[in-house]
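Please open the structure in a viewer and keep the selection tool at hand. The tour below moves from one selection to the next and describes what is found at each stop.

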Amino acid sequence: MSAESHPTLPPVRLHSGAELARDALVAPLFARAVRLARWAGPETRVGIGGELVADQLPEAVAALGLDAADADSAGYASQAWRVAVDTGLVDVTEPEEEAGQDAGQDTGPGAGQGGEERFGTAAPGEDLALVTSGAPGDVLDLWLAALDMVLADAAVPDLDGLVDALDAGGEIDFDRLDWNPGREADFLDGVLANLYLLTVTEGGAADRPVPLPVLAASMVVPDGMGEPTDAVLEQVSDAMMRLDDQFRQLEPIGLVEFRPVDEELMAEADDEEIPAGASQAGGPAAVDDEDVSRYGMVRLTPLGLYGIRARMLEAGVEAPAVGELADKGADALLDAVSFYPENAAQAEIEQWLAGRELPAAVAELLAAARGDDEGGPLRRLRCQQALAPAGPEAEPAVRAVLDDAELGGLARVWLAERGVADVPAPDPEMVFWLTVDTIAAQLAADGETDELPLLIETLTAHHAGFFEQVWRVEHPATAYVLEAMGRLHPDKKAAKEARKAAFKARSRRP
């Protein structure tokens with residue numbers, strides 16, 4: 001597996017399709033859209049564009065069980081109707097324009113010839129049946145269509161600003177508005193991608209909400225910047241307020257759980273500063289201010305994780321999910337999980353094993369672990385991880401590779417850990433080869449960690465003259481591993497011997 005084909009994102013653990021579909025159906029905005037689709041009938045009147053005419057809104061509000069006295073209720077009903085229309089839950093027939101209309105005639109929504117009002121009609125769409133009789137994937141497709149509409153709306157500035165930016169001809173002056181539709185959509189996509197990454201990265205946000213300043217800073221603060229300048233902090237603050245408005249719009253579709261910025265804090269914005277640490281883009285752990293929640297907190301829901309991943313896949317981003325390798329071969333499994341975080345790799349391996357007969361699965365894993373390519377050591381490490389929970393059923397397949405130059409050491413370790421008798425002792429060449437392979441795998445998996453020097457010391461301590469012999473090992477990573485030993489071995493004398501051995505290995509096999 002070449003470096004260019006490594007997944008760019010850690011794998012996400014998704015809920016089942018049935019669970020996600022249930023979450024979609026109870027998302028407030030989507031649930032309202034479904035209710036209005038069922039309410040639509042012969043008496044429902046729509047204007048140009050399929051929107052409900054004004055005098056229909058009170059009926060829609062009542063159908064949704066909303067408080068008619070609440071000023072926001074009509075807006076909720078209007079938005080839910082647009083979702084129903086855009087997703088196909090409702091079919092609309094727009095009013096036809098009369099031929100011969102003059103420029104001076106009223107051409108507003110519903111207007112006909114001579115000022116006579118004309119209306120379109122609406123009826124439940126064919127897709128409405130999918131809500132109750134469709135598969136979970138059908139429901140999720142409808143929800144994704146609704147999400148697209150909501151995200152597009154969230155990237156639009158407030159209507160007051162739009163009205164102010166209209167010129168005499170009714171066109172929007174984007175320069176005056178200081179708003180670029182493509183840029184705003186890209187910004188919101190970037191924010192959600194960062195939130196996704198913080199959530200799926202091992203040791204990241206997981207089920208913990210992310211402070212809004214952290215998310216805003218991840219989009220604004222340049223990489224490598226130490227202490228942000230006042231100008232950058234002001235940009236972070238502006239981005240926070242924009243995100244506060246956008247996440248308020250995204251919560252009703254079920255994408256996020258959101259705690260808005262404290263309104264008192266907003267009123268005191270001129271006197272407040274972003275808390276120390278919150279302006280850094282290093283992740284939630286960078287913020288320890290107990291009052292940071294006042295600045296807003298956001299978390300992707302399980303449905304939100306599904307939705308953002310679906311959008312990433314559509315955009316061509318490689319965003320793996322745990323479990324999607326269950327029907328693949330062992331070679332594809334080991335290649336992929338070689339670059340997963342350890343816990344995610346273990347979860348993927350367990351799902352792969354769950355659907356197979358263990359003896360055959362073990363033999364397939366061992367066969368896929370062979371290879372003297374650059375990825376071989378890490379494949380063997382993941383294979384060893386996969387075999388760790390296996391019981392006695394795996395023993396025949398493991399014993400079958402005892403004489404294999406690449407797998408014999410791995411097999412002996414597995415058998416010895418289970419106290420199996422009559423395991424043949426490895427020859428020195430196999431011991432040295434396994435040592436090189438093990439360290440190469442650890443370097444590939446985690447880099448030069450704090451624990452690696454101890455592992456190196458442990459593996460080399462019991463072999464007199466280790467560095468005098470190891471450089472001859474026929475392993476493609478011998479020189480690379482010896483160079484790492486020369487840097488990391490805690491004993492200075494051994495480190496010097498490792499560097500000399502690395503030079504010999506490099507000279508022998510350039």
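## First stop: a salt bridge beside a strand

Begin by selecting Arg45 and Asp55, whose side chains meet in a salt bridge with an N to O distance of 2.8 Å. The two residues are 10 apart and link distant parts of the chain: Arg45 belongs to strand β1 (residues 45-46), while Asp55 sits in the loop between β1 and α3 (57-63). The model on display is a predicted one. Both partners are partly exposed, Arg45 with a relative accessible area of 23% and Asp55 with 46%.

## The sheet around Arg45

Keep Arg45 selected and add Thr121, which stands opposite Arg45 in β3. Strand β3 (residues 120-124) is joined to β1 by 2 bridges, and the two strands run antiparallel. Now extend the selection to the whole sheet: it is open, consists of 3 strands in the order β1-β3-β2, and is paired in the antiparallel sense. Strands β1 and β2 (90-93) stand at the edges with a single partner strand each, so one side of each lacks a neighbour in the sheet.

## A second sheet

Next, select β4, β6 and β5. These 3 strands form an open, antiparallel sheet in the order β4-β6-β5. Its edge strands, each paired on one side only, are β4 (210-211) and β5 (256-259). Between β5 and β6 (residues 297-300) there are 4 bridges, and the pairing is antiparallel. To see one such position, select Val256, whose bridge partner in β6 is Leu300.

Remain in strand β6 and select Arg299, which is located there. Is Arg299 buried or exposed? Its relative accessibility is 15%, so Arg299 counts as buried, the cut-off being under 20%. The side chain of Arg299 is joined to that of Glu257 by a polar contact of 2.8 Å.

## The nonpolar cores

Which residues have the most contacts inside the largest nonpolar core? Select Leu89, Trp143, Tyr196, Phe247, Leu250 and Leu255; the core to which they belong has 79 residues. Then colour helix α6 (residues 136-154), the element that gives the most to this core, with 11 residues.

Centre the view on Leu250 and display its surroundings. With neighbours within four places in sequence left aside, Leu250 is in contact with Val150, Leu151, Ala154, Leu188, Leu192, Leu255 and Val256. Another core, of 32 residues, lies apart from the largest one; among its members are Leu334, Leu365, Ala369 and Leu402.

## Further salt bridges

Side chains of opposite charge can pair when their charged atoms come close. Select Arg380 and Glu406 for another such pair: they form a salt bridge in which the closest N and O atoms are 3.9 Å apart. This pair, too, links distant parts of the chain, 26 residues apart, with Arg380 in helix α17 (residues 376-387) and Glu406 in the loop between α18 (395-399) and α19 (408-417). Arg380 counts as buried, because its relative accessibility is 3%, and the limit for burial is under 20%.

Move on to Glu483 and Arg506, which form a salt bridge with the closest N and O atoms 2.9 Å apart. Glu483 lies in helix α23 (residues 478-488) and Arg506 in helix α24 (residues 492-508), so the salt bridge ties together parts that are 23 residues apart in sequence. Both residues are partly exposed, with relative accessible areas of 29% for Glu483 and 38% for Arg506.

For the last selection of charged residues, display Asp148, Asp189 and Arg311, which a network of salt bridges links together. How many salt bridges does a search of the whole structure find? The search finds 19.

## The whole chain

Finally, clear the selections and view the protein in full. It has 24 helices and 6 strands. Of its 510 residues, 44% are buried. The exposed area is about 25,700 Å², and carbon and sulfur atoms supply 50% of it. Among contacts between residues at least 6 apart in sequence, 69% join residues at least 24 apart.

Conventions:
Residues numbered from 1 in each chain as written. Predicted model: local features only at pLDDT ≥ 70, side-chain atom pairs only at ≥ 80, totals over all residues. Heavy atoms only, no water. Salt bridge = Lys/Arg side-chain N within 4 Å of Asp/Glu carboxyl O. Buried < 20%, exposed > 50% of the residue type's maximum accessible area, 1.4 Å probe, protein only. Contact = heavy atoms within 4.5 Å. Areas by Shrake-Rupley, 256 points an atom, 1.4 Å probe, with all protein chains shown as cover. Pairing = 2+ DSSP bridges. Core = buried A, V, L, I, M, F, W, Y, C linked by side-chain atoms within 4.5 Å. Polar contact = N/O pair within 3.5 Å; in protein donor to acceptor, adjacent residues only side chain to side chain.
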